[in-house]
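Work through the exercises below with the sequence and the coordinates at hand. Each task is followed by a solution in steps.

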Amino acid sequence: MIKKSTIIALVFALLAMPDVAFAKKKKTKEEKILVVEQVVVEEKDMPITDFMTQLNGEWNVQEIRQTDVSLPRGARAYLYFDVMAGAIYGNTGTNSLNALYTIGKDNKINFSNVITTKMSGGYFQNVEKDLLKALADAYYIALTQVGETEYMELKNKRRDVIVKLRRQNLDFMNGPWLVKKINDVNVADRDIKLVNDVDMLTVNITSGCNIINGVITIDPMKEYAIEYEDLKSSHNQCPNIDTETRLLIALEETLYCRKHSASEVELYTREIDDMGNLVDKPLVVLERVRI
């Protein structure tokens, strides 16, 4: 015969099961969202033979002295190499930065006349301090490639990597685009255009009715990560307002972009499917405006 205390314990256990199951399911979902499929791709050295082709452009700071760069949302540390001018400009995560550089024999590099603005960044100003110290200690420069992703390494005299940067990989998103599909449905109205300015981190949309402006956010620690935020419309009421609304909702859900061809890109998010797998969910297909 089951004791009364045992029965009470079983009742409480059964009552608690839904909450436990829900908590477990929620935790599993959160964990799976963070899971990225691990594909082993060989890293290979890239000899520097053409400064303009290989160095010119924007590079996001990934690591400083083997420590990942951690900055508040919306902030990023990057260096833009202007090869023609022999200069760099960029941001430390807190302040704008300008400097000159020279590259000599054996890829020896020297940064000089480093100037920053004087805004306070609180705790995150440590990133700026570490980056400026690393630029002062930089002695060699090297390039590597993993898959299609290019990295720059700044090394000290002992050839230890003291700064690792990744080439900004969203240049293909720049410029004007036609909205071709929203949530896998063709858009009949070919007047809806979207103009990305990845350098200035802005987006401008004309829907044939409203003008919409917003902010682009890039996560330098994630490849092809792009978000559209603070979208503000002129709020005119028009016949195609439903299409415009669907587009704005899709843009607000966007987390990543993918290049299908020189003339077509896709915006998508990630979600958990019925089988519990993390999958890509297409949101918007953009078609390059032919000028």
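The exercises treat a predicted model and cover its disulfide, its aromatic rings, and its pockets and cavities.

**Exercise 1. Disulfide**

Task: Find which cysteines a disulfide joins, give the handedness of the bond, and locate both partners in the chain.

Solution:
- Step 1. The cut-off for a disulfide is a sulfur pair within 2.5 Å. Cys209 and Cys238 meet this condition, with S to S at 1.6 Å. The count for the structure is one disulfide.
- Step 2. The torsion about the S-S bond of Cys209 and Cys238 is about 70°, so this disulfide is right-handed.
- Step 3. Cys209 lies in the loop between β14 (202-206) and β15 (211-217), and Cys238 in the loop between β16 (227-233) and α4 (241-253). The two are 29 residues apart, and the pair links distant parts of the chain.
- Step 4. Buried means under 20% relative accessible area. Cys209 has 16% relative accessibility, so Cys209 is buried. Another cysteine, Cys257, is buried too, at 1%.

**Exercise 2. Aromatic pairs**

Task: Classify the ring pair Tyr80 and Tyr89, then the ring pair Phe172 and Tyr224.

Solution:
- Step 1. The structure has six aromatic pairs. One of them is Tyr80 with Tyr89, where the centres are 4.9 Å apart and the planes make an angle of 15°. Planes under 30 degrees apart count as stacked, and this pair is stacked.
- Step 2. Tyr80 is partly exposed at 23% relative accessible area, and Tyr89 is partly exposed at 38%.
- Step 3. For Phe172 and Tyr224 the centres are 6.1 Å apart and the planes stand at 55°, so the pair is tilted.
- Step 4. Phe172 belongs to the loop between β10 (161-167) and β11 (175-182), whereas Tyr224 belongs to the loop between β15 and β16. With their positions 52 residues apart, the pair links distant parts of the chain.
- Step 5. Phe172 is buried, at 15%, while Tyr224 is partly exposed, at 27%.

**Exercise 3. Clusters and charges over rings**

Task: Which residues form one aromatic cluster, and over which ring does the charged end of Arg76 sit?

Solution:
- Step 1. The cluster consists of Phe81, Tyr101 and Phe111.
- Step 2. The charged end of Arg76 is placed over the ring of Tyr78, at 4.4 Å from the ring centre.
- Step 3. Arg270 has its charged end over the ring of Tyr256, 4.3 Å from the centre.

**Exercise 4. Second largest pocket**

Task: Describe the lining of the second largest pocket and state which element gives the most to it.

Solution:
- Step 1. The volume of this pocket is about 200 Å³.
- Step 2. Its lining includes Ile64, Thr67, Asp68, Tyr123, Phe124 and Asp130.
- Step 3. Two elements, β3 (67-68) and α3 (125-137), give two or more residues to the lining. The most comes from α3, with three residues.
- Step 4. By class, the lining has five nonpolar, three polar and two charged residues.

**Exercise 5. Cavity**

Task: How many cavities of 30 Å³ or more does the structure have, and which residues line the largest cavity?

Solution:
- Step 1. The whole structure has one cavity of 30 Å³ or more. The volume of the largest cavity is about 40 Å³.
- Step 2. Among the residues lining the largest cavity are Asn60, Arg166, Arg167, Asp219, Lys222 and Tyr224.
- Step 3. The lining of the largest cavity divides into four nonpolar, three polar and four charged residues.
- Step 4. Tyr224, one of these lining residues, is also the ring partner of Phe172 from Exercise 2.

Methods. Residues are numbered from 1 along each chain as its sequence is written. This is a predicted model: local features need pLDDT of at least 70, side-chain atom pairs count only at pLDDT 80 or more; totals for chains, interfaces and linings use all residues. Side-chain values use heavy atoms; hydrogens and water are left out. Helices (H or I, at least four residues) and strands (E, at least two) are DSSP runs, numbered from the N terminus. Buried means under 20% relative accessible area, exposed over 50%, partly exposed in between (1.4 Å probe, protein chains only). Rings of Phe, Tyr and Trp (its six-membered ring) pair if their centres lie within 6.5 Å; planes under 30 degrees apart count as stacked, over 60 as edge-to-face and the rest as tilted. A charge sits over a ring if NZ of Lys or CZ of Arg is within 6 Å of the ring centre and within 35 degrees of the ring normal. On a 1 Å grid over the protein atoms alone, a cavity is a set of points where a 1.4 Å probe fits but cannot get out, and a pocket is an open set with protein on both sides within 12 Å along at least five of seven lines; lining residues have an atom within 4 Å of a point. Grid points are joined across faces, edges and corners, and a volume is the space filled by probe spheres set on the points. Ala, Val, Leu, Ile, Met, Phe, Trp, Tyr, Cys and Pro count as nonpolar, Asp, Glu, Lys and Arg as charged, and the others, Gly among them, as polar.
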